[in-house]
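Here is a short report on one protein model. Look at the fold before reading on.

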Amino acid sequence: MQKRILIASASAGTGHVRAAESLRAAFAERAPDMYVEHVDVLEHAPAWVRSAYRDGFELLAARAPGVWREIYHLTDGPGPDTPFWGGAAYRLLFRAFDRVVRSRPWNVCICTHFLPAQLLAGRSGNPPFAMVITDFALHRFWAQPAVCRYFVATPRLAEQVRARVRGARVEATGIPVRPDLLEGPTRAEAVAALGLEPGRPVVLVMGGGLGLGVTGFALGAAGAVSGTQVVALCGRSERSRAALGGIPGVRAVGYVDDVRPYLAAADVIVTKPGGLSTSEALALGRPLVLASPIPGHEEENRRVLVAAGAALPADSPEQIAAAVRSLIGDVARREELSRAARRLGRPHAAQAVAAAIEYQHSGREAA
């Protein structure tokens, strides 16, 4: 009988969807006989719910980070999450997602965001739920007692999940990145394809899909070392793209679907510490400068990566300039961060998750 895998994400930020698409691609590569479907749970909610969930996060992250920090810490705690509101929410607002879950005899539903599990995990008639945590640190919302299996970034995070969710199976696979990440161009090929000058250092600046902080990041990087080429991926922020247009040494780019050539060309990457963007950089061994984290999960991500020696912290344009200067001017220091990044990076994380699920539901192991 054909195995059926449902992957559920939520488009609150772009990372959760990218992780889900990476998993879908990994299943297609290694288990083409499986039926795999990816759904964004927010696309199966009323428009006002979708807007409130997405825009509320974006508004707080960009305009009221202090409020978001308080929400993050107030909703965290030492135990697992107990979303008593989940049943009412799915009956009133997410019935379309419930119909997807009940549309086929799924072998497993893999979540790359906690919302699908909060709504349906453990409810009668539903498949078993697995969780892929897309951060390097644990918040209570990820700790869902009805989820039977977890895939996480690091062994340390695996220990934390086991301590909160008794009896759960937890594997430190890494955060899923696209399976063909390592098949991207070489640095020389990427520099040529992007029209950059091969003899000058390249600093890649990213602010996630929202382009948060890109303007300040780019201005700081541009002032670091004379002759540096700064490529700023502005995401959906047309304001940042317009503000950076015409700045000497800075190329402002809008949202891109394939970041591989940009990652490959970079000598140093300045970015917010999102789980997916940093995982991609780590997988390629790129030195990181992590700036202006969103309070809560991104602050924790940065703490983990800096402690591992894979990144330098910076916030103001002056601090960014100093960090970039130290890496561009000191090859040994840059290589030190690169080695630490590669130790932490998991370029085959998506394949590892797909292999574990495939093995579990192949008949060689009880579900």
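Start with the residue classes: Ala, Val, Leu, Ile, Met, Phe, Trp, Tyr, Cys and Pro count as nonpolar, Asp, Glu, Lys and Arg as charged, and the others, Gly among them, as polar. This is a predicted model, where local features need pLDDT of at least 70, side-chain atom pairs count only at pLDDT 80 or more, and totals for chains, interfaces and linings use all residues. Residues are numbered from 1 along each chain as its sequence is written, and side-chain values use heavy atoms, leaving out hydrogens and water.

**The pocket**

A pocket is an open set of points on a 1 Å grid over the protein atoms alone, where a 1.4 Å probe fits, with protein on both sides within 12 Å along at least five of seven lines; lining residues have an atom within 4 Å of a point. Volume is the space filled by probe spheres set on the points, which are joined across faces, edges and corners. The largest pocket measures about 960 Å³ by volume. Its lining has 44 residues, and A12, H16, F57, W68 and H297 are the closest to the centre. By class, 21 of the lining residues are nonpolar, 18 polar and 5 charged. Helix α2 gives the largest share, 7 residues.

**The sheet**

Helices (H or I, at least four residues) and strands (E, at least two) are DSSP runs, numbered from the N terminus. Two strands pair if DSSP finds at least two bridges between them. Here 6 strands form an open sheet, in the order β2-β1-β3-β4-β5-β6, with parallel pairing. β2 (35-40) and β6 (169-172) are at the edges with a single partner strand each, so one side of each has no neighbour in the sheet. Strands β5 (149-152) and β6 are joined by 4 bridges. In that pair, R149 stands opposite R169.

**Helix packing**

Contact means heavy atoms within 4.5 Å. Axes are lines fitted to C-alpha atoms, for helices over the stretch in contact, and angles run from 0 to 180 degrees between N-to-C directions.

| Helix | Partner | Angle |
|---|---|---|
| α1 (15-30) | β1 (4-9) | about 165 degrees |
| α16 (349-360) | β5 | about 160 degrees |
| α2 (47-63) | α3 (65-74) | about 120 degrees |

The axes of α2 and α3 are 5 Å apart. F57 of α2 and W68 of α3 are among the residues that make this contact. By class, the contact has 8 nonpolar, no polar and 1 charged residues.

Where does Q351 lie? Q351 is in helix α16. Q351 is buried (under 20% relative accessible area, 1.4 Å probe, protein chains only), at 14%.

Conventions:
Buried means under 20% relative accessible area, exposed over 50%, partly exposed in between (1.4 Å probe, protein chains only).
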